[in-house]
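Student: Could you take me through the salt bridges in this predicted model? I would like a close look at the paired side chains and their surroundings.

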Amino acid sequence: MKLSQYKFDLPKELIAPYPAENRDESRLLVFDRRNGKIEHKVFKDILGYFREGDVMIFNNTRVFPARLYGNKEKTGAEIQIFLLRELNRDQRLWDVLVDPARKIRIGNKLYFGDDDALVAEVIDNTTSRGRTLRFLFDGDYDQFKAALYKLGEAPIPTDILGRKNEPLDEERYQTIYAKVEGAVAAPTAGLHFSKHLLKRLEIKGVGCAEVTLHVGLGNFRSVDVEDLTKHKMDSEQIFIPDDAVQIVNTARTKEKRVCAVGTTVMRTIESSVSTDGMLKPFEGWTNKFIFPPYDFSVANSMVTNFHLPYSTQLMMVSAFAGYDQLMKVYETAKAEGYKFGTYGDAMLIL
């Protein structure tokens, strides 16, 4: 597969700047891979496609407020940093992306917040845009994290949505089952689930398995090679606990429906599979990049959003749905006015 095969026209008005008023009332396109059938539903109708003994797998990562705005010393130039990874808790070291990066040098000090509540020093240039910062903070670790959280904001992709963060995003840019802090971006397929819908699934006997993938910026980094085999994903931390393995493998043994809720879940579970196609416990890192052709081992259905052109998420979904079929489905979705992107509508692939 080539990068150019993932180009399609997407009018800006089809990219959702805001979520649906209620989480489970976004639109849902249901696509059956076996016969090509397409149905148009509301997301809470997903309940009708699952039976007792089926399992849904969720990513329980929690987004932290990773975007901070500040100023460079002396010049006062405005800068934006994106917290990627805490490197050393005691030394307050963080890997970050800086924008604009070209004028930031080792030794520069960056100031954040009113009265320069936080100060950071650039100590390393890690990539063309990346830097390592040491935050200069006198308080204890809890006070430091509180300062970061006060100054930071939810890192929704404002460059795509064309708007600033708003109070609504603090709640809506988290899944309702988010528990384990560590993501710089939300697993967006899970944003459609409400507490009420999860309860109805539970009452129906649909199992719930939770895994963790701390979504990093690599999930959204652009692909800049035409030959997809040459693209390298950034590593992201994952955790597949024993209880999730047991729930999923029991359903697989009984030939039940196993649904990956989102591309992050699919990447997680495909990163730790036994030779007989069963899920295995795992704690570590994955840089798995899935694109056609690919044989999926664990899930036989998935929930996903409508993704943007050239994105790695689109490539994965095309491997699961079939490239030609997915491109036809996307044309139908555009014609029907489905919303794309982070806050867009959803798709159930059976």
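**Salt bridges, pair by pair**

Tutor: Happy to! Let's begin with Lys-37 and Glu-39, which form a salt bridge with their closest N and O atoms 4.0 Å apart. The cut-off is within 4 Å, so a value this close to the limit is worth keeping in mind. As for surroundings, Lys-37 is partly exposed at 47% relative accessibility, and Glu-39 is partly exposed too, at 24%.

Next come Lys-179 and Glu-210, whose side chains meet in a salt bridge at 2.7 Å, N to O. Lys-179 sits in the loop between α3 (167–172) and β11 (180–183), while Glu-210 belongs to strand β12 (residues 207–213), so this pair ties together parts that are 31 residues apart in sequence. Lys-179 is exposed, its relative accessible area being 52%, whereas Glu-210 is partly exposed at 21%.

The pair Lys-334 and Glu-331 has its closest N and O atoms 3.3 Å apart, again a salt bridge. Both residues lie in helix α8 (residues 323–335), three residues apart, which means that about one helical turn separates them. Here Lys-334 counts as buried, because its relative accessibility is 16% and the limit for buried is under 20%. Its partner Glu-331 is partly exposed, with a relative accessible area of 43%.

These pairs are among the 11 salt bridges that the rule counts in the model. As general background, side chains of opposite charge can pair when their charged atoms come close.

Notes. Residues numbered from 1 in each chain as written. Predicted model: local features only at pLDDT ≥ 70, side-chain atom pairs only at ≥ 80, totals over all residues. Heavy atoms only, no water. Buried < 20%, exposed > 50% of the residue type's maximum accessible area, 1.4 Å probe, protein only. Helix = DSSP H or I, 4+ residues; strand = E, 2+ residues; numbered from the N terminus.
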